[in-house]
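Open your viewer and get ready to pick out a few side chains. Which spots deserve a stop along the way?

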Amino acid sequence: MSDLKKHKLGWIGIGRMGYAMAERLAKAGCDIAVYNRTREKAEPLAKYGARIVGRPADLAGCDIVFTMVSTGKDVKEVLEGPNGVLSGDGRPKLVVDSSSISLEGSADLRAMLAARGVAYLAAPVSGNAKVIKAGKLSFVCSGPRKSFDEALPLLKMIAPAASYVGEGELARIVKICHNVFLGVVIQSLAEITVLAQKAGVPRHAFLEFLNQSVMGSMFTRYKTPAFVNLDFKVTFTPELLRKDMDLGLDAGRRLEVPMPLASAARDLIQSMMGRGMKEEDFATLLVQQAQASGIELQPENVEVKDGLS
């Protein structure tokens, strides 16, 4: 048997991220069955050999089930709900969850699965659908080392990087810290970009310099086209970013870590949403910053690289 067919895989959740991740496994030739609440979103994967199923329960015979859904409540529903993976007699050996959920929710899932003899690997990711297609996604994982080692060849089909940080829910706190940093960095980037523009520097010129300096990063390069040409096609919504900021601030309160910058960034994200900027990418923080600074942004219509393609 080919190593690609060694495990029967199940995948739950075909949103922007989930589709791109499952697509890489299907294109690699894995034996994979896919469920999504809106079946039509999953059906294009059939051309790569994926089987589309009607219920999460249809994945109970899989060896490894991946979940990539919006909330902890959604993960719980697809696993132990009335039509969940565990609703019948079958059991997967391992559940790998890449959803962004709380530490407490992840711990509850681990305990529930352990009681049913199912191993659990928390495996949140850094990146978005375009990052996945560029082959630059990264996983951070926690749980039994044996489970990580078993899942690693599959994770490497989706992303080049998969870090193991220990037992339990440590991967969750790493992902929460990562996304809190994301919120703080995008607000800071908006502030300095607007400051440079108001002083007379074109946004593309300022960001070209920044991206070639020691302060440039894959993230600043990736967001440059949005900042320059005001193309705010969604990669990550303000609502999802606010959720992760709240998770981080809650962890800070429990662990008695002051987080003044994160708190200010969270309130600015909330303010943006309150002004109706909910449906576009979280990079629309740039627009709010410009409005607060008394300037109206216009696309510069300059071709700039995103560092991914």
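Is Phe148 buried or exposed? Select Phe148 and show the surface: this residue is buried, with a relative accessible area of 3%. Do keep in mind as you look around that this is a predicted model.

**Stop 1: a tilted ring pair**

Keep Phe148 on screen and add Tyr164. Their rings make an aromatic pair of the tilted kind, with 5.2 Å from centre to centre and 35° between the planes. A search of the whole structure finds four aromatic pairs, and this is one of them. Now colour helix α6 (residues 145-158), where Phe148 sits, and strand β9 (residues 161-166), which holds Tyr164. The two residues are 16 apart in sequence, so their pairing ties those parts together. Turn to the Tyr164 side, and you will find a partly exposed residue, at a relative accessible area of 23%.

**Stop 2: a stacked pair and its cluster**

Next, select Phe219 and Phe282. How far apart are the centres of their rings? The distance is 6.5 Å, and the planes meet at 20°, so this pair is stacked. Stacking is the term for planes under 30 degrees apart. Trace the backbone from each ring: Phe219 belongs to helix α9 (residues 218-229), while Phe282 is in the loop between α11 (260-274) and α12 (285-292). The pair therefore links distant parts of the chain, 63 residues apart. Although Phe282 is in a loop, this residue counts as buried, with 3% relative accessibility. Add Phe236 to your selection, and you have a cluster of Phe219, Phe236 and Phe282 linked by ring pairs.

**Stop 3: a pocket lined by α9**

Stay with helix α9 and bring up the second largest pocket, which holds about 410 Å³ of space. Which residues lie nearest the centre of this pocket? Select Lys130, Tyr222, Asp231, Lys233 and Thr235; the lining has 15 residues in total. Two elements, α5 (129-133) and α9, each give two or more residues to the lining. Of the elements, α9 gives the most, with five residues.

**Stop 4: a nonpolar patch**

Finally, switch to the surface and select Val165, Leu170 and Val174. Together they form a nonpolar surface patch with about 200 Å² of accessible area. Zoom in on Leu170, which is found in helix α7 (residues 170-198). Is Leu170 buried or partly exposed? Its relative accessibility is 41%, so Leu170 counts as partly exposed.

Definitions and conventions:
Residues numbered from 1 in each chain as written. Predicted model: local features only at pLDDT ≥ 70, side-chain atom pairs only at ≥ 80, totals over all residues. Heavy atoms only, no water. Phe/Tyr/Trp six-rings, centres within 6.5 Å; stacked < 30°, edge-to-face > 60°. Helix = DSSP H or I, 4+ residues; strand = E, 2+ residues; numbered from the N terminus. Buried < 20%, exposed > 50% of the residue type's maximum accessible area, 1.4 Å probe, protein only. Patch = residues over 30% accessible without salt bridge, like charges linked within 9 Å, V, L, I, M, F, W, Y side chains within 5 Å. Areas by Shrake-Rupley, 256 points an atom, 1.4 Å probe, with all protein chains shown as cover. Salt bridge = Lys/Arg side-chain N within 4 Å of Asp/Glu carboxyl O. 1 Å grid on protein atoms, 1.4 Å probe; cavity = no way out; pocket = protein on both sides within 12 Å on 5 of 7 lines; lining within 4 Å. Points joined across faces, edges and corners; volume = space filled by probe spheres on them.
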